[in-house]
Structure formats: C-alpha cells, structure tokens
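Hi everyone, thanks for coming. Let me walk you through a structure that is new to most of you, so please have a look at it first.

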Amino acid sequence: MNNIKLSTKEKLKEQNKHETYESNLLEIENQVCSYGDTVHYAENPKFFTRCLGSFLFDCNNKPYLDLQMWYSAVNLGYGNKRINDALITQINKLPQLACQYLHYEKVELANLIAKNIEQRFGLKGRVHFNVGGSQAIEDALKLVRKNTGKQHMFAFEGGYHGRTLGASAITSSYRYREAYGEFADRAEFIPFPYRFRSTFRNDERKCEEYYINLFEKKFEHEYTGAWNPKTKKSEFGAFFIEPIQGTGGYIIPPANYFKKLEKICKEHGILIVDDEIQMGFYRTGKLFAIEHFGIKPDIIVFGKGLTNGLNPLSGIWAREELISPDKFGPGSTHSTFSSNTLGTAAGLEVMKIYAEEDYSEKVLKKGKYFLNKLFDLKSKYPEVGDVDGLGLALRMEICEKDGITPNRALADRMFQLGLDGNLKANGDKMGLILDIGGYYKNVITLAPSLEISYSEIDLGCSLLDQLIAKAKK
Ligand SMILES: Cc1ncc(COP(=O)(O)O)c(C=O)c1O
C-alpha cells in the first residue's frame, strides 16, 4: 500500500498492524529458529522489509543508512538494477542446471576473473567456483594439501576465514573452536602488524620491521618448530592472509610488510593464499586488495561481493601449476550448487560493470573524502582513538577518553542506537547500520556502497557525529 496517500490516523493504524505482525513473528522466531547464527548477537533483532541503494527500510518505511553493506557483500548498492536484470534474464533463460553440465555464464565469468588476474599479476591460472566464502576456503585448503602434502598452515592473529571446521582451524579466535573438540590442523597464528596497538604507533617502518622479524625468526633454527634446516623443509603448507584484516577491524598493514613476508614464504616453500572474500571487488579501490602491496599470491579466494549479495557464489583462483587438471582432477571438490546459473549470471554482470568504469579512481576519491570527515570526528571526540582507511574500507576505533584504552561498551551503544533508528536527518528520523569488529570489539568497520554519493557520505558522518554524542551520555 502506498503510505503517501494515507492520513496520519490511517498511517498509525498501518504501523500498528505491521508492528504487531513483527512482534508475533519474533515470538515464533524465538521458538523455531536456531540461535546458532549471528542474529542474536543483537539484544533486539530487527526486521527489514525493503532495500535500495545505500538504504535499508523497516516496516514503517523508515530509512537506515547502511555503512556496512552486508560486510561488503553489496558493493554496488542494494537493488542494483543492472545486476537484478541480469538475474531476471537468467531466471527466464536457464534458472537451474546441475553443475556437472556447462553453461555459458560460468565459463565467461571464470574467463573474466582469470584474465583480470593475469593482467594484474602476470600469472596464468584457473578458477574453481563454490557457494560460500568458507567453502571456498575449504577448497583452498584442499588445494594446498594436495600440492604440498602439508596440513599445517600459518595464519594471522585477528584473521577470520569462516566458520566451517577447516576455516575455523585457520581463524584465530578460539571462541569459534572451543566447543567443537580437537582441531589437529589448527593454524599457527602470527601477530599482524597492527600499528595503532603496537609500540611503534607513529613509526610505520619500525612497525613493519618488528613484525616481519617476528615471522622471520621462525626460520632461524630448528627449535621454533616451523623449519628443518637439514632437509630445508617447512612443516607449513601455506600462509593464509587477509591483505587488510576484515573482522579483525579493517587493519591496514605497513606498505612493504607483505613484500617481505612473500620473500620469506618463497624461500621456505610456503604458498600464499590471499583471502579477498571481504576486501575484494574494489572495496579498497583495487579489484583485489593485495594489489596495493605488490605481491603475487599463489591462490586467491573470493566470495561476498562477486554477486553483489545476490545468488551466492564464491571461488578460488590458483596458479596453473597448482590447479592444472593433472594436479586437481575431476571430482577433487564439489558442491551441488557450486557454479549455479543465477550466481554466475550475477557475477558476470558485476565484472562487466567493473570493466566499464574506473572504479579505482572513484573509490579512492570517495574513500579519501570519507576519511577526512572521520578525521574531523577524531578531532572532535577524544573517544575516537584511531581512524584509517584504504578506498572505502574505513575504520574508527572507539576508546576511552585517553584515546587508546578500548571502549567496547561505547561502540556497542553506538551500534544499538544506530539500529534504534531515532537519529535526525532532514527533519525526519533515520537509522544507521554499523558493524563492530576488531580484537577488542571496539572498531566500527565501515564498508559503504561503492556507489554512495558524496551527500550520503556527509549524511553518514553527521549521523555518526550524533551517535557518538548520544552514546557518550
Ligand atoms: C575474510 C573472510 N574470509 C572468509 C569469510 C567467510 O565467508 P562466508 O561467511 O561466506 O562463509 C569471511 C566472512 O565474513 C571473511 O570476511
């Protein structure tokens, strides 16, 4: 029904109807839905009924500016017409097909991804699709094991690679493993160069040196448990990295850190698996975030933004030597929905959109504008301890008044107040969708739509300003 034509009284009646319906549904949800997902992280889980561009809308048509875009899955905005149309065309043409058969979009998309990677890294390789990010991580683990014969991996403290058993084993939080028994293949977690929380906060070079030395020392002698100097073999098959830590709090490493890490890995026969599930598809102003750091990964894992959050699709790309048919033959890994026709059609349209415009320039420019505004907030509020960003992957670390002690309670209040939807914008009420990450759960990780307008960035920063002021009270 069109709310605009209703009188105030009728509108209130409609609102009550929707709200009663939702509270009944919530009661049902409470009884029949598992609490095992992340819905009940929130005290009062919320329904949304519509989405468009940078906004979600509740049952009363109240807008919520989304500065997290489904953890960076919806990079090109909600309800993107071109991608929706591609999906509709596919629904009318070939909506379903068992993955044992070929369809055009699968091959065209794999080709586009492989060609883009070849252009950027000068490497030939192949693509293997799956459905979710964690499943693609599992595929990458299988590929590493197949090629190296090793089940032990390096990964970073603060890293997040998913919650299937294999992905949990290389994700640093013990919280995700604690209740699930033995993880014999648990990764060895190396400290990530997190400059703001290191002793070298104001010295990028020293921070880089310190953290790279920590890793290099693993290979100094045999007693670190990582390396046998006699056989010149490492016990580790690969290092799983996120170029910018996502769930870890959008932490950007020093500029040359990964180059040095790559050198150490190469010298010791350790593959580099680049997890781009959250930072890929121009989030940072490059197709893949690792491009900022000048290294050539052996395997790239992607998901989320590939379909702009429509039909799920994820995948891995690997160097030809690792994934050639003699190494990774038919049936090496498989899922019923792995290269589904709807996902590949959406992914293909996403890749075409990125090819038509200079997203690099656009995202870096918007990111710079947004970051400057975050610096203004940092100057205004001592509780904003750190702000940083690369492209439109931005962070705001919420602290005590000293600007360093993590203040999780304040970040949580900001998150909740944003969701309550009582902020002011243009004489109306509005909500703000945020996500909290970071080692101390005090970092607001901002991943707005890459299509966000400058006026929406201004709006977002004014809402953040209101939020901090309100949450402090
Ligand atoms: C870097 C990274 N890797 C892996 C995953 C897991 O992906 P999924 O949730 O699709 O299984 C995520 C999800 O947040 C992620 O951010």
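Let's start with two helices: Glu 208, Tyr 211, Ile 212, Phe 215 and Glu 216 in H7 meet Tyr 257, Lys 260, Leu 261 and Ile 264 in H8. Here, contact means that C-beta atoms, placed from the backbone, lie within 7 Å. Sorted by class, this contact has six nonpolar, no polar and three charged residues. The classes are: Ala, Val, Leu, Ile, Met, Phe, Trp, Tyr, Cys and Pro nonpolar, Asp, Glu, Lys and Arg charged, and the others, Gly among them, polar.

Before going on, please keep in mind that this is a predicted model: local features need pLDDT of at least 70, side-chain atom pairs count only at pLDDT 80 or more, and totals for chains, interfaces and linings use all residues. Residues are numbered from 1 along each chain as its sequence is written. Helices (H or I, at least four residues) and strands (E, at least two) are DSSP runs, numbered from the N terminus.

How do H7 and H8 pack? Helix H7 (residues 204-216) and helix H8 (residues 257-267) make an angle of about 15°, and their axes are 10 Å apart. Axes are lines fitted to C-alpha atoms, for helices over the stretch in contact, and angles run from 0 to 180 degrees between N-to-C directions. H7 and H8 are therefore roughly parallel, a label for angles under 35 degrees.

Now to the sheets. An open one has five strands in the order E1-E2-E3-E16-E15, with mixed pairing; strands pair if DSSP finds at least two bridges between them. Strand E1 (50-52) and strand E15 (423-425) are at the edges with a single partner strand each, so one side of each has no neighbour in the sheet. From one strand to the next, the twist averages 35°. E15 and strand E16 (residues 428-433) run antiparallel, joined by three bridges, and Leu 423 sits opposite Met 430 in E16. Helix H13 (residues 454-472) packs on this sheet, touching strand E3 (63-66), E15 and E16.

Another open sheet has seven strands, ordered E4-E12-E11-E10-E9-E5-E6, again mixed. Its edge strands are E4 (125-130) and E6 (188-190).

Last, the ligand: which residues come nearest? Of the 15 around the ligand, they are Gly 133, Ser 134, Gly 162, Ile 277 and Gln 278; near means a C-beta atom, placed from the backbone, within 6 Å. Helix H5 (residues 133-148) gives the largest share of this shell, three residues.

How values were computed:
Parallel < 35°, antiparallel > 145°, perpendicular 65-115°, else oblique.
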